[in-house]
Amino acid sequence: FLYFLRYIFSGADKVIYCASSLKGLLINYFKINGTILKYVPWAVDDVFFRPIKVEPAPYIFSAGDNDRDYTTLIEAIRNTGLGLKIATSLPIKGRHDNIEIMPWLKPVLLREEYAKAKFVVVPLHNAPSASGATALLESMAMGKAVIVSDSYGVRDFVRDRHNAIIVQPQDALALRKAIIYLNENHREREMIGQNARHTVEKYFNTARQAQDLAEAYKEVLIK
């Protein structure tokens with residue numbers, strides 16, 4: 001499969017990647033000439049995922065499958081008394097107090113859960129891919145404060161204590177401290193959520209992404 005991908009890439013005029021962490025992988029592992037690489041960051045629809053007024057609920061929300069570390073999240077929230085909802089198709093074993101596991105949600109229902117949640121946690125294993133970027137950016141677009149693991153693949157999108165709180169991957173104690181801190185600091189949640197929304201509006205929305213993709217296509221066509 002690797003050789004097949006290298007063959008496909010060898011005939012490409014342009015290769016687009018969505019996270020800075022992927023550049024080295026594409027050059028060193030897939031042997032792609034760096035001159036044909038084009039960075040177009042991952043993005044979400046900030047018109048659909050936007051701050052909406054709903055009746056707030058006293059729980060934390062987390063969603064997604066790829067490279068998720070729900071084991072660390074569940075350990076971090078244990079005995080805090082805080083409620084947690086997780087939307088995922090991944091198997092989560094055992095029964096846990098104050099934790100509700102739900103199947104993956106349609107976009108409208110997903111948006112509602114983001115909106116109602118006190119804040120969002122995106123727990124990740126460290127990976128070069130942009131796993132978790134969609135849930136992270138959707139939450140940010142909703143104006144929610146987010147705690148996210150410091151995975152290589154999502155570093156383009158967040159700055160610690162500005163538009164998110166960043167914790168080390170697989171560190172349940174650090175995640176627990178961040179969860180308690182955000183839960184107890186309403187003004188910090190509001191500030192981080194507002195900065196998160198502004199970040200998506202400026203850099204990581206699908207309108208901006210479409211412009212960047214159009215530029216990439218033009219570069220190929222006029223070559």
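**Exercise 1. Classify the lining of the second largest cavity in this predicted model.**

Solution.
Step 1. By class, this lining divides into 6 nonpolar, 2 polar and 2 charged residues.
Step 2. Now the names. Val40, Pro41, Trp42, Ala43, Tyr203, Phe204, Asn205, Arg208, Gln209 and Asp212 form the lining of the second largest cavity.
Step 3. Its volume is about 30 Å³.

**Exercise 2. State how many cavities of 30 Å³ or more the structure holds, then describe the largest.**

Solution.
Step 1. The count is 2 cavities of 30 Å³ or more.
Step 2. The largest cavity encloses about 40 Å³.
Step 3. Its lining consists of Asp69, Thr72, Pro123, Leu124, Ser149, Val167, Gln168, Pro169, Gln170, Asp171 and Leu175.
Step 4. Sorted by class, the lining of the largest cavity gives 5 nonpolar, 4 polar and 2 charged residues.

**Exercise 3. Work out how helix 3 packs against helix 6.**

Solution.
Step 1. Locate the elements. Helix 3 spans residues 70–77, and helix 6 spans residues 172–184.
Step 2. Take the geometry. The two axes come within 8 Å and cross at roughly 55°.
Step 3. Assign the orientation. The oblique class takes in angles from 35 to 65 degrees, so helix 3 is oblique to helix 6.
Step 4. Assign the hand. The crossing of helix 3 past helix 6 is right-handed.
Step 5. List the contacts. Helix 3 contributes Thr72, Leu73, Glu75, Ala76 and Ile77; helix 6 contributes Ala172, Leu175, Arg176 and Ile179.
Step 6. Classify them. This contact has 6 nonpolar, 1 polar and 2 charged residues.

**Exercise 4. Find which residues of the helix 3 and helix 6 contact also line the largest cavity.**

Solution.
Step 1. Thr72 in helix 3 is in the contact, and Thr72 lines the largest cavity.
Step 2. Leu175 in helix 6 is in the contact, and Leu175 lines the largest cavity.

How values were computed
Residues numbered from 1 in each chain as written. Predicted model: local features only at pLDDT ≥ 70, side-chain atom pairs only at ≥ 80, totals over all residues. Heavy atoms only, no water. Axes fitted to C-alpha atoms, helices over the stretch in contact; angles between N-to-C directions. Helix = DSSP H or I, 4+ residues; strand = E, 2+ residues; numbered from the N terminus. Parallel < 35°, antiparallel > 145°, perpendicular 65-115°, else oblique. Left-handed = near helix turned anticlockwise from the far one by under 90°. Contact = heavy atoms within 4.5 Å. Nonpolar A, V, L, I, M, F, W, Y, C, P; charged D, E, K, R; others polar. 1 Å grid on protein atoms, 1.4 Å probe; cavity = no way out; pocket = protein on both sides within 12 Å on 5 of 7 lines; lining within 4 Å. Points joined across faces, edges and corners; volume = space filled by probe spheres on them.
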